[in-house]
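Got the viewer open and a selection box ready? Here's a walk through the model, stop by stop.

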Amino acid sequence: MSPLNRDLIFLILQLLDEEKFKHTLHKLEQESGFYFNMKHFEDLVQAGEWDEVDRYLGGFTTVEDNRHSMKIFFEIRKQKYLEALDRHDRTKAVDILMKDLKVFETYNQELFQELTMLLSLENFRQNEQLSQHGDTKSARTTMLMEVKELIKANPLIRDKLTFPTFNDSRLRALINQSLNWQHHLCKNPHPNPEIKTLFTDHSCAAPTNETRAPPPANAQLVGIDHQIANSERPMKKMKTSQVAEVYDIPKTVVRTLNQGSNVMSLDFHPIHTTILLVGTNVGDIGVWEVGSGERLTHKKFKVWDITTCSLPFQASLTNDATVSVNRCLWSPEGSILGVAFSKHLVQIYAFNLNEELRQHLEIDAHIGSVNDIAFSYPKKTLSIITCGDDKAIKVWDASTGQKQYTFEGHEAPVYSVCPHFNGSIHFFFSTSTDDKIKAWSYDGLRSRVAYEAPGHWCTTMAYSADGTRLFSCGTSKDGDSHLVEWNETGTIKQTYNGFRKHSLGVVQFDTTRNRFLVAGDEFQIKFWDMDNTDILTTTDANGGLPAFPQLRFQKDGSLLAVTTSDNGIKILANADGQRVLRMLEVSRSVSKQSNSNAVVDSTKAADVKPRIPEETERIRSWKLTGIVNVGHLKTLRLPDSTSAVSKVVRLIYTNSGCSLLALGSNAVHKLWQWPCDERNPSGKSTASVAPQLRQPPNGILMTNERSDNNPEEATACIALSKNDSYATSASGGKVSLLNMRNFKVITTFMPTPPAATSLAFHPEDNNMIAAGMEDSSILIYNIQIDEVKIKLKGHQKKITGLAFSPSLNVLVSAGADAQLCVWGIDSWEKKNSRFIQAFTGCTSPLVGDIQIQFHSNQTHLLVVHERQIAIYNSKLDSLCWWSPKDTLSASVSSATFSCDSLLVYAAFVDGAVGIFEADSLRLHCQIAPSAYISSGSAYPIVIAAHPSEPNQIALGMSNGAIHVVEPLDGDSR
């Protein structure tokens, strides 16, 4: 359920409580499972309404969910059973025993037999353990105290015990606001409207005689309840400019960019949302970082290989060498960009944020002008769609440039194309300058739909972000502009008002957030709500706009780029956009400061340092871009007096940040714990204080079972529970369950073969783990009852990584087959999969282990291979990547996010450590092995990041050593 639906349930719960509908209130609490009403639960227990207690609990958990739930149900049903015995109601007691308590026999047969024996006693208090059992009231109170503590500890309920805080009568207030907004939209608003129903939208009836006077400026609907707190009074009737503020439309000019020539086309990058692509009337393209106002790339028009171009194109260049960009845009994943020119050509560039634009394809696509370009996936691979003055539409393979389809049927130049898909069916719309709109499918190469566009000349089309609504905007030869929404039947659903009549240019438009439309007209930017045909608001962006500016929304609608009459671009932002740009400004200023070599005047040492937001503290902490000497770091090699030394293959911090747990290739675990004293008052790990290596009292090391065949090369894995109480671990043999408090092996399970190669605790239940296996399967395993819940199959080679995302409700697995799979936690069905591509141009497939880790936002995924590091989104699309090169040319041995996910730490087999900015994988700092290793050829096999200190890492080495590494303190630097 979406967060808004969840909020709606809470609003309804509040309304039911205010209206005293208690039975319905508690029923909705139970059925929704969003709020556990402890007061209601206590009342039920004290009243002995046991069936209702059981039903209410059932809305939040079941007996089998976890040990807390099992204990809760047991204590309640035991009390119910004892009360029946106390009343000497043997029949009821037997019924409770067989129906309610029988389920616990599976887990503790001896206890169930003891409960059964109570039937033979005249008074159950003759049982020694129950001799102190009080009367009914006191027993219920005692039992309730214990159950409440179990509820507070239960991971399925503990986060549902607090009702969210918001103003009284919030639902009524929202309805009143909606009614006022509906009244504001009335074409003939009455001064004192009468609201009779909420089942339909409010609309004042049209006047029957003379025009009715407008309502007073402060007119306000009475709504459904006048007894609302002042802070929640219905909104007053708003002016147009006020409405825009309510919806947070980008209207504030925050940047002005000087392109130097007339801008013809704009497009924001789909992933790096402050990167703007620009095409001009002289054929140039530019790539801007609007956060800094810096132009990253500027490419002047040139033909890459004239010998491959057609003779008509060569002749047209000879007659007139001027070429303009008609359209430029990014591919859906942002890895390439396309440019359509006014003469014949389409050029495709490959884009990587850390590199220059690279020439990819040059296509002599059409005779005359190429009017539009788009990207699509008709065969599950990326294709390029172009249209031109030759009345044709062509589709090209985006990898090879080979022509795949040609569509003909228009009788005039094709002006624009708009691709779309519905499930597995891909199609596209096209518009021509003779007012025709056609829809094409790839199977028949013919137009399936044809109808006339309003305007009868130049029209463009666009879908809303969710693909459910289709819009078009165009201008006729007479200068009349039309912005409309289309029905699925090909008829116009609604026409938007507010355009100037008899204009001399072509209006451009865009959509965003499934809600807003924008168009450039009359030296202004005009905004509409998709559901209202009247203009929502306008802005002139502080002046300087052409009559019909080009414009483009950024993906989330927080930024808007618009062209100016002096060959520039203005960037408009709403509050969210301004916040993002401010963050980038601070980050950039800190980066410049860290790269400067200016000598600091010692007389100014006492000056107050400027405050830097938390988001950029990491950059200050890793100030140096290259760290070579020991004096530039704080490092600590952990003490180890044991003789069991082997390479460290797994290394994790405890969630408290006070200890480090290492697993060696010899299957031995070692735990270091930092002291909590005057030198280290927090008790957390630090490179300034040496920790203590914990030893079991009996001297027996915590060791995994090992495989018989080449145990040193077995794939080791380890996972730690959220509360640091338990760990699961394997080294080629059975999986060990470890007690982290007494440092003992509790039990072993999952006999081999196959051996476990990756482990992860379920985010909601410490009794449940996911175990990736050597035979490529994944087992969802219940430790408490020693049972495999389900076996997942989708990989071809061993599992090398597992990561849960509670917010997405998925488990992601990685295998040595270079495949990522996404599994839904509810049904354990495979929802998505993708083979990891090699980004470096290598044609051979990736082989070897893949490590994965979720970003703190629980949607982005770090994917690590020895040849590359990449960030993927929840759809398994790659967002950015980096591969070893230059001074970091060795293979990657391990990588991890910092605890705040702002950095990525990577270790390399030559001993180097790289520190990257997580949003772009731009290398920020490099640590040479000489900075933390005195001598030798050891290198880090595994790297771990501290759970609460974003600038601390630990390195597990090939020689068995472990180093804790931190940047120097600010004063020391």
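Start with a cartoon view coloured by secondary structure: this protein has 13 helices and 57 strands. Keep in mind as you look around that the model is predicted.

Now switch on a surface. The exposed area comes to about 45,500 Å², with carbon and sulfur atoms supplying 49% of it. Of the 973 residues in the protein, 51% are buried. If you draw a contact map and keep pairs with a separation of 6 or more, residues 24 or more positions apart account for 51% of those contacts.

**Stop 1: a helix pair**

Select residues 38-47, which form helix H3, and residues 50-58, which form helix H4. How do the two pack? Their axes are 8 Å apart and meet at an angle of about 150 degrees. Angles over 145 degrees count as roughly antiparallel, so that is the label for H3 and H4. The crossing of H3 past H4 is left-handed. To see who makes the contact, show side chains for His40, Phe41, Leu44 and Val45 on H3, then Trp50, Glu52, Val53, Tyr56 and Leu57 on H4.

**Stop 2: Phe104**

Next, select Phe104, in the loop between helix H6 (90-101) and helix H7 (109-117). Is Phe104 buried or exposed? Phe104 has a relative accessible area of 7%, and the cut-off for buried is under 20%, so Phe104 is buried. Leaving aside residues up to four places away in sequence, Phe104 touches Val63, Met70, Phe73, Phe74 and Arg77. For a distance to put on screen, try the C-alpha atoms of Phe104 and Glu64: they are separated by 9.8 Å, with the two positions 40 residues apart along the chain.

**Stop 3: two positive phi values**

Time for some backbone torsions. Most residues other than glycine have a negative phi, and most peptide bonds are trans. Ser169 isn't a glycine, yet its phi is positive, about 55 degrees. You'll find Ser169 in the loop between helix H8 (136-153) and helix H9 (170-185). With 12% relative accessibility, Ser169 counts as buried.

Now jump to Leu921, another non-glycine residue with a positive phi of about 55 degrees. Leu921 is in the loop between strand E53 (913-917) and strand E54 (922-927). Its relative accessibility is 0%, so Leu921 counts as buried.

**Stop 4: cis prolines**

Stay with torsions and zoom in on the loop between strand E38 (744-749) and strand E39 (756-761), where Pro753 lies. Pro754 is found in the loop between E38 and E39 as well. Which way do the peptide bonds go here? The bond from Thr752 to Pro753 is cis, with omega near -10 degrees. The bond joining Pro753 and Pro754 is also cis, and its omega is about -5 degrees.

**Stop 5: two threonines in strands**

Select Thr800 in strand E43, residues 799-805. Thr800 has 14% relative accessibility, so it counts as buried. Show its neighbours, skipping residues up to four places away in sequence: Thr800 touches Ser758, Ala814, Gly815, Ala816, Asp849 and Ile850. Of these, Ala816 is 16 residues from Thr800 along the chain, and their C-alpha atoms are separated by 6.2 Å.

For the other threonine, go to Thr297, in strand E5 (residues 294-299). At 10% relative accessibility, Thr297 counts as buried. With residues up to four places away in sequence left out, its contacts are Ile285, Gly286, Val287, Glu356 and Leu357.

**Stop 6: cysteines**

Finish by selecting the cysteines. How many disulfides are there? A disulfide is a covalent bond between the sulfur atoms of two cysteines. With a pair of cysteine sulfur atoms required to be within 2.5 Å, the count comes to 0 disulfides. Two cysteines to click on are Cys387 and Cys717. Cys387 has 0% relative accessibility and so counts as buried. Cys717, at 3% relative accessibility, counts as buried too.

Key:
Residues numbered from 1 in each chain as written. Predicted model: local features only at pLDDT ≥ 70, side-chain atom pairs only at ≥ 80, totals over all residues. Heavy atoms only, no water. Buried < 20%, exposed > 50% of the residue type's maximum accessible area, 1.4 Å probe, protein only. Helix = DSSP H or I, 4+ residues; strand = E, 2+ residues; numbered from the N terminus. Contact = heavy atoms within 4.5 Å. Areas by Shrake-Rupley, 256 points an atom, 1.4 Å probe, with all protein chains shown as cover. Axes fitted to C-alpha atoms, helices over the stretch in contact; angles between N-to-C directions. Parallel < 35°, antiparallel > 145°, perpendicular 65-115°, else oblique. Left-handed = near helix turned anticlockwise from the far one by under 90°.
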